[in-house]
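Trainee: I would like a close look at one part of this model, and then at what surrounds that part. Please keep to what can be computed from the atoms.

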Amino acid sequence: MKVLITGASGFIGSHLAESLLSSGCEVSCLVRSVSARKWLEGLNVQRIHGDCSDRESLNNLRDFEYVFHLSGLTKSNCKKDFYTVNTTATENIIDAVVRNNPGIKRFVYVSSLSAFGPNLNGSPVSEDRNPRPVSDYGKSKLLGEAAVLKYKDTIPVSVLRPTAVYGPRDSEMFLLFKLVNTGLLPFWGKTRISLVYVEDLVRALILTAEKEEAIGETFCISDGMNYSNVEIIDEIASALQKTRVIKLRLPKTFLPVIGAIGDGLSKITNKATMINRDKIKELMHTDWRCDISNAKNKLGFTPKVGIKEGIKWTADWYKIHRWL
Ligand SMILES: NC(=O)c1ccc[n+]([C@@H]2O[C@H](COP(=O)([O-])OP(=O)(O)OC[C@H]3O[C@@H](n4cnc5c(N)ncnc54)[C@H](OP(=O)(O)O)[C@@H]3O)[C@@H](O)[C@H]2O)c1
């Protein structure tokens with residue numbers, strides 16, 4: 001099976017590459033000259049040089065049977081960059097795949113629950129409701145979905161909308177682990193969210209590529225449970241053996257100020273951070289649960305990892321790799 005992954009140098013993409021290699025696939029990864037190499041080191045993958053933001057560089061992507069498009073921008077202090085990487089680059093890659101890969105069996109696009117937006121009516125988000133993204137990240141991913149679904153009558157495409165993903169190598173939820181580890185945590189009230197452990201998401205990605213029923217479909221993906229932020233904080237504290245974590249109460253109205261500070265710092269350091277004004281637009285909402293019935297029914301997706309073991313394994317990985 002000839003597979004191409006974009007975004008393989010990142011957190012989720014590198015886990016997907018490992019899993020596909022272990023099931024015997026011939027894996028190629030689209031990498032940029034600036035791409036991080038550490039997670040692909042030692043893996044028997046073919047590196048193809050190219051950048052989804054540069055149409056010309058995609059002309060040599062030929063004869064793949066499966067394409068997983070994961071490259072994307074999750075944090076930025078520049079609104080325009082979200083649309084360049086998540087929307088325009090997605091248009092570029094799907095155009096290139098349609099042109100040069102006549103035998104394509106599936107193009108899988110990894111979107112995000114942010115493309116749907118938060119729950120505003122009390123029941124978990126499902127695919128049959130109208131998306132209302134609240135951040136530019138979410139809006140740019142929704143436009144990325146549209147770019148892919150535009151071709152659904154030309155090639156077999158599928159879209160996944162994972163909720164927040166965590167696990168070894170993740171540097172985003174890591175921030176929460178780091179804060180809990182200090183014993184002091186900013187807290188602005190209870191929220192309800194879904195999570196998914198990276199290995200479960202990888203299973204969902206592979207099922208999506210395999211199943212006929214997934215063609216033309218969009219699936220929300222989580223571990224099937226809903227958690228409060230307090231439960232998650234407690235689980236992280238327990239995994240890190242922190243007996244006391246002080247929650248520093250902040251008024252929600254203060255969040256945009258924190259976002260602006262994050263954006264300012266990232267301009268100075270030239271390094272994007274998860275604390276930015278765009279992310280704060282999402283954090284202002286208290287309900288990010290999703291319903292995965294469609295994935296269970298059509299993909300036969302059964303999540304295997306809940307937060308008890310997932311958070312423990314992730315914390316252990318951070319400790320072993322001296323991130324904590
Ligand atoms: N992590 C989550 O909780 C989560 C949840 C829902 C959806 N997602 C989606 O899942 C995908 C992977 O996320 P991740 O958490 O694995 O992110 P990540 O670790 O930041 O990896 C992002 C990947 O995208 C590539 N990329 C970024 N900017 C690019 C550009 N301008 N041109 C080409 N490639 C670029 C990166 O390659 P370089 O090394 O070249 O920069 C990297 O391989 C993203 O599309 C994201 O929107 C993530």
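Trainee: Leaving aside its neighbours within four places in sequence, which residues is threonine 90 in contact with?

Mentor: This is a predicted model, in which local features need pLDDT of at least 70 and side-chain atom pairs count only at pLDDT 80 or more, while totals for chains, interfaces and linings use all residues. Residues are numbered from 1 along each chain as its sequence is written.

Once neighbours within four places in sequence are set aside, threonine 90 is in contact with His69, Tyr109, Gly144, Ala147 and Val148. Contact here is a matter of C-beta atoms, placed from the backbone, lying within 7 Å of each other. Threonine 90 itself sits in helix H2, residues 79-100. Helices (H or I, at least four residues) and strands (E, at least two) are DSSP runs, numbered from the N terminus. Threonine 90 counts as buried because it has 25 C-beta neighbours inside 10 Å. The cut-offs are 20 or more other C-beta atoms within 10 Å for buried, 12 or fewer for exposed, and partly exposed in between, with C-beta atoms placed from the backbone. As a reference distance, threonine 90 and proline 168 are 26 Å apart in space, C-alpha to C-alpha, and 78 residues apart in sequence.

The contact list can be read against the surrounding elements. His69 belongs to strand E4, residues 66-69. From E4, Val67 and His69 point one way and Tyr66 and Phe68 the other way, and all are buried. Tyr109 falls in strand E5 (residues 106-110), which is mostly covered, with five of its five residues buried. Phe107 and Tyr109 point to one side of E5, and Arg106, Val108 and Val110 point to the other. Gly144, Ala147 and Val148 are further contacts of threonine 90, and helix H3 spans residues 136-149.

Next, the strand pairing. Two strands pair if DSSP finds at least two bridges between them. E4 and E5 pair in the parallel sense over four bridges, and phenylalanine 68 has valine 108 in E5 as its bridge partner. On another pairing of E4, strand E1 (residues 2-6) runs parallel to E4 and is joined to it by four bridges, with valine 3 opposite tyrosine 66. E5 is also joined by four bridges to strand E6 (residues 157-162), again in parallel, and phenylalanine 107 has valine 157 in E6 as its bridge partner.

Helix H2 links two of these strands: E4, H2 and E5 make a right-handed β-α-β unit. The chain then crosses from E5 through H3 to E6, and this β-α-β crossover is right-handed as well. Right-handed means that, with the strands pointing away from the viewer, the path from the first strand over the helix to the second runs clockwise.

H2 also has a part in the ligand shell. The ligand is surrounded by 27 residues, the closest being Gly7, Gly10, Ser35, Ser71 and Gly72; a residue is near a molecule if its C-beta atom, placed from the backbone, lies within 6 Å of it. Helix H1 (11-22), H2 and strand E7 (164-166) are the elements that give two or more residues to this shell. H1 gives the most, three residues.

Finally, the nonpolar packing. The largest nonpolar core has 83 residues, and Ile5 and Leu205 touch the most other members. Such a core is a set of buried Ala, Val, Leu, Ile, Met, Phe, Trp, Tyr and Cys residues joined through C-beta atoms within 7 Å. Isoleucine 5, apart from neighbours within four places in sequence, is in contact with Gly13, Leu16, Ala17, Val27, Cys29, Phe68 and Leu70. Phe68 in that list is the E4 residue that points the same way as Tyr66.

Notes: Contact = placed C-beta atoms within 7 Å.
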